[in-house]
Amino acid sequence: LRSSILLSQPAVMADEITYAFDTYTSRVDKLESLVQGLDTAPNFDAVRDQCEAELAAVAKSAKNVDLELRRVRGADAKATWNARLNDIRERIARIKREYEAKVNRRELLGSAAAGGGGARDPEAP
């Protein structure tokens with residue numbers, strides 16, 4: 001019985017890390033979709049709030065992935081999972097830059113529309 005438990009343990013760990021990565025990737029996909037639609041959203045503030053919530057969920061999923069990675073045994077397996085993690089981290093960094101650029105652009109447009117130093121129409125009275 002004990003040997004069967006020991007033999008099944010790597011499979012269980014592989015399932016757990018696969019699930020953690022799948023959840024993480026799913027969260028990143030959702031974040032990316034929200035950010036892509038941010039410019040055309042009818043309610044910018046609501047979508048921005050959703051993006052912020054999803055960023056928090058992505059961070060929580062990242063912690064779960066880190067916890068599962070600590071349990072992975074074997075240099076090859078660790079290298080494979082770490083490569084996948086690095087790809088996801090690069091993707092998140094790109095999405096965050098895009099998100100911040102869109103939010104900043106929106107804030108600049110908002111301050112210009114409110115008379116905050118934006119370009120004036122020379123024809124305006």
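Select Arg94 to begin: in this predicted model, Arg94 is partly exposed, with a relative accessible area of 34% (partly exposed lies between buried, under 20% relative accessible area, and exposed, over 50%, with a 1.4 Å probe and protein chains only). Residues are numbered from 1 along each chain as its sequence is written, and side-chain values use heavy atoms, leaving out hydrogens and water. Because the model is predicted, local features need pLDDT of at least 70 and side-chain atom pairs count only at pLDDT 80 or more, while totals for chains, interfaces and linings use all residues.

Now add Glu98. The side chains of Glu98 and Arg94 meet in a salt bridge at 4.0 Å, N to O (a side-chain nitrogen of Lys or Arg within 4 Å of a carboxyl oxygen of Asp or Glu). The two are four residues apart in helix α3, so about one helical turn separates them (helices are DSSP runs of H or I with at least four residues, numbered from the N terminus). Glu98 is also partly exposed, at 25%.

Next, pick Glu32 and Arg91. Their closest N and O atoms are 2.7 Å apart, in a salt bridge. This pair links distant parts of the chain, with Glu32 in helix α1 and Arg91 in helix α3 (residues 75–113), 59 residues apart. Is Glu32 buried or exposed? At 15% relative accessibility, Glu32 counts as buried, whereas Arg91, at 22%, counts as partly exposed.

Widen the selection to Asp29, Glu32, Asp39, Arg91, Arg94, Glu98, Lys102 and Arg105: salt bridges link these residues in a network. The structure holds 14 salt bridges.

For another one, go to Glu16 and Arg71, whose side chains meet in a salt bridge at 2.7 Å, N to O. Here too distant parts of the chain are linked: Glu16 sits in helix α1 and Arg71 in helix α2, 55 residues apart. Glu16 is partly exposed at 28%, and Arg71 is partly exposed at 34%.

Keep Glu16 selected and add Tyr19, Ala20, Thr23, Arg27, Ala57, Lys60, Ser61, Asn64 and Glu68 to show the lining of the largest pocket (on a 1 Å grid over the protein atoms alone, an open set of points where a 1.4 Å probe fits, with protein on both sides within 12 Å along at least five of seven lines; lining residues have an atom within 4 Å of a point). The elements giving two or more residues to this lining are α1 (2–36) and α2 (44–71). Colour by class and you will find three nonpolar, three polar and four charged residues (Ala and Tyr count among the nonpolar, Asp, Glu, Lys and Arg as charged).
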